[in-house]
Amino acid sequence: MSSRLLPRLTHLRQVHSELTTNSFHKIPHHIKPETSPLPLYGGRHLVTLLPGIGIGPEMTSHVKEIFATAQAPVDFEIIEGTGEELVRNAITSVRRNRVAIKGNLKSVIDEDGFIAPNVMIRTKLDLFVYVTHYKTYKNVYSKWPDLDLVIVRQNTEGEYALLEHESVNGVVESLKIVTRENTERLAKFAFEHARKHGRRKITVVHKSKQLELSDGMFLQTIKNVAHHYPDIQFEDMYIDRCCQKLVRNPHHFDVLLMPNLYGNIASNIVCGLSGGSGLFSGMNYGEDIAIFESATRQTGESFVGKNIANPVAMLNAGVNMLRHLGKSEHARLITDAICHTLTTSRVHTPDLGGVHSTTDVLSEIKRYIEDVKHLN
Amino acid sequence: MANFTKSFLNNISRTLPRLRKFFDQLTDKKNTAETEFSSASKRAVGSRLYSSEVKKCTIIPGDGIGPEISAAVQKIFAAAKVPIEWESVDVTPVRGPDGKFGIPQSAIDSVNRNKIGLKGPLMTPVGKGHRSLNLALRKEFNLYANVRPCRSLEGYKTLYDHVDVVTIRENTEGEYSGIEHEIVDGVVQSIKLITEDASRRVAEFAFQYTKENKRHKVTAVHKANIMRMSDGLFLRCCRDMAEKYPDVKFEEKYLDTVCLNMVQDPTQYDVLVMPNLYGDILSDMCAGLVGGLGLTPSGNIGLNGALFESVHGTAPDIAGKDLANPTALLLSAVMMLRYMNLNKHADIIESSCFATIKEAKFLTGDLGGKAKCSEFTNAICEKIAAASP
């Protein structure tokens with residue numbers, strides 16, 4: 001009992017020291033607790049839920065509904081609010097629970113300056129990698145059939161360091177930071193992930209011709225890591241050529257490994273090619289913490305309250321979370337339900353070219369789950 | 001003494017309305033002198049070109065397939081009787097007095113004299129001391145905006161029909177300013193520079209281009225939710241410029257949204273204006289939508305002139321075999337003609353080129369045909385001859 005308490009105490013000490021410093025970006029120190037199991041209270045997992053803005057609250061509540069139908073042993077700790085307070089509470093909660101599911105959080109400008117909670121949470125919790133898996137569904141319209149791409153993207157540094165200043169009136173400098181340490185961790189994660197999931201090729205995307213030091217170091221570090229994985233094919237490509245190739249022949253790629261901004265661009269391109277932002281989810285991983293959200297992190301402001309948003313993206317995030325928690329049977333049940341709804345029953349929301357509402361999609365998923373439970 | 005004269009004239013003009021009108025006209029003439037940034041948009045170059053004169057243009061054939069396609073373009077222009085005299089220069093780097101390789105002075109003088117250039121694909125030589133030739137040309141002629149119109153070609157089917165997008169990209173600063181440092185071992189910082197002057201210049205060019213080419217919408221692409229100050233400055237300049245062009249629709253979109261929507265439905269975008277990096281990536285992506293870099297024209301507009309180029313590679317494997325496709329260079333040359341206000345000739349050449357591709361009787365290898373470059377060129381020349389009076 002006491003050994004379970006020990007890791008949590010060290011977490012609290014680290015939380016205090018980090019929150020009293022001012023820098024939003026620094027080389028993150030690795031939080032390396034002893035490997036302890038995820039918190040489990042009475043057989044049920046407690047995860048943090050950050051509803052956010054736009055369609056976030058609606059979509060995350062749908063996740064709760066479907067989890068209840070599937071009887072997944074997960075409870076949610078809901079954290080709401082804005083600005084600095086939201087960031088503080090969210091970080092405390094996620095550090096305690098180690099797993100979270102979130103919508104897009106609102107960026108504000110208040111007396112503390114510019115607060116971008118999404119970026120700050122990722123940086124402070126050291127969620128250094130973002131993985132998105134784009135796999136087309138049968139019978140769902142996509143520009144290219146049978147796509148199966150994984151994009152592994154650096155999540156904390158690069159262009160998203162939030163370090164900008166106006167040195168002279170009318171001249172603004174924005175810093176892009178690249179560190180060897182983070183790049184190495186990212187590369188190791190990517191190659192291990194590829195090996196674990198049977199992926200055969202990794203393509204590194206960069207612009208080392210123009211950005212010789214930063215992208216050059218990125219590329220070289222990854223090449224060094226690639227030598228230790230001879231079973232995985234490795235190639236590198238410039239970002240502009242990569243985007244062009246994605247549009248003309250995306251089947252060339254298997255796993256894409258990229259820095260922060262290029263990953264954003266390529267993710268959105270592949271998402272658009274595979275069926276749209278309503279379908280896919282993304283996983284933010286740190287050394288010990290994982291946060292799940294919709295792949296393209298859109299707010300969906302135009303869909304609020306209209307019952308036409310596609311709930312599949314956030315449901316997939318929920319499924320990824322269940323798998324991470326080790327609840328594979330529940331994950332499989334919900335995945336099958338989603339697959340059945342999209343491919344067999346073809347209940348599609350307007351973003352997929354259909355006419356059904358969000359509630360139609362959810363009813364169909366619930367119906368499938370209940371049918372399966374009745375059979376068992 | 002001068003003050004007395006001025007006040008005397010002012011008083012007189014107040015009482016005599018016709019005199020007042022005369023003085024107003026005088027002062028108006030003074031105001032029509034060039035204001036700060038309009039020299040760029042007014043194309044001071046264009047004002048001295050009259051349609052009856054023969055203009056001189058610099059042509060840089062380039063390497064690989066460069067010479068063949070340049071010859072094809074010159075032949076087509078001759079067939080269309082375009083009043084242009086070509087001045088061919090070679091930009092193979094020569095060792096300067098400081099030991100560094102650079103563009104030969106004769107080439108620089110030629111483009112400075114003629115103010116307009118057409119460039120084929122260049123092979124950047126590998127090795128120390130060679131700076132990128134494209135970068136050198138860009139710095140030499142202050143080329144601040146890169147324009148790449150991407151239009152679907154009838155006769156060459158891609159997954160996307162009816163694409164008609166123009167990407168205008170800031171070409172001098174932004175992420176490619178080249179300022180990088182290794183702060184400590186293993187930590188590198190790269191500086192993205194955004195200045196008000198450059199942003200305003202490219203924004204003005206974008207709106208001017210939209211108006212002159214009878215397009216209707218400008219979309220500013222940015223990531224101001226993350227890079228608040230830098231992209232925020234860029235956006236502010238675009239917004240200020242939008243107020244001066246009220247008949248052109250203006251919208252702002254995030255980079256992710258544009259990428260997502262562009263691959264699903266490119267028809268929703270018209271003219272895109274953006275900083276350097278986003279422009280580089282998006283313009284190549286849009287080129288991919290219509291069929292690749294082998295079919296996309298590109299123009300670089302500068303303060304001291306303009307340089308139009310083909311952006312594909314030198315294709316050394318087919319060089320000299322009469323298999324190359326001159327479409328990219330030809331369409332860039334058509335852009336050049338429009339820049340020089342030779343719109344009649346531009347229309348004839350462009351429509352002949354499109355008609356030849358649509359007909360699909362003479363298509364080069366990259367378009368899926370088996371014709372030679374010369375056959376393709378001749379087909380276009382025939383159509384031009386048929387179209388010209």
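Helices and strands are DSSP runs, of at least four residues for helices (H or I) and at least two for strands (E).

**Figure 1. Overview of chain B in the predicted model.** Chain B contains 14 helices and 14 strands. Of its 389 residues, 53% are buried. The area that chain B exposes is about 17900 Å², of which carbon and sulfur atoms supply 53%. When contacts in chain B between residues at least 6 apart in sequence are considered, 73% join residues at least 24 apart.

**Figure 2. Close-up of the largest nonpolar core, around A:Ile269.** This core has 120 residues, and A:Ile269 and A:Met321 touch the most other members. Beyond its neighbours within four places in sequence, A:Ile269 is in contact with A:Cys243, A:Leu246 and A:Val247, and also with B:Cys259, B:Val263 and B:Met285 of chain B. In soluble globular proteins, nonpolar side chains tend to be buried together.

**Figure 3. Close-up of a second, separate core.** Among the 67 residues of this core are B:Cys57, B:Ile65, B:Ala203 and B:Phe207. B:Cys57 counts as buried, because its relative accessibility is 0%.

**Figure 4. Close-up of cysteines in chain B that form no disulfide.** A disulfide is a covalent bond between the sulfur atoms of two cysteines. Over all chains, the search finds 0 disulfides. The cysteine sulfur closest to that of B:Cys57 belongs to B:Cys381 and is 18 Å away, so the pair is too far apart for a bond. For B:Cys381, the closest cysteine sulfur is in B:Cys373, at 11 Å, which is also too far for a bond; the cut-off for a disulfide is 2.5 Å. B:Cys381 is buried, with a relative accessible area of 12%.

Methods: Residues are numbered from 1 along each chain as its sequence is written. Chains are lettered from A and ligands numbered from 1 in the order in which they are written. This is a predicted model: local features need pLDDT of at least 70, side-chain atom pairs count only at pLDDT 80 or more; totals for chains, interfaces and linings use all residues. Side-chain values use heavy atoms; hydrogens and water are left out. Buried means under 20% relative accessible area, exposed over 50%, partly exposed in between (1.4 Å probe, protein chains only). Contact means heavy atoms within 4.5 Å. Accessible areas come from the Shrake-Rupley method with a 1.4 Å probe; for residues, only the protein chains shown count as cover. A nonpolar core is a set of buried Ala, Val, Leu, Ile, Met, Phe, Trp, Tyr and Cys residues joined through side-chain atoms within 4.5 Å.
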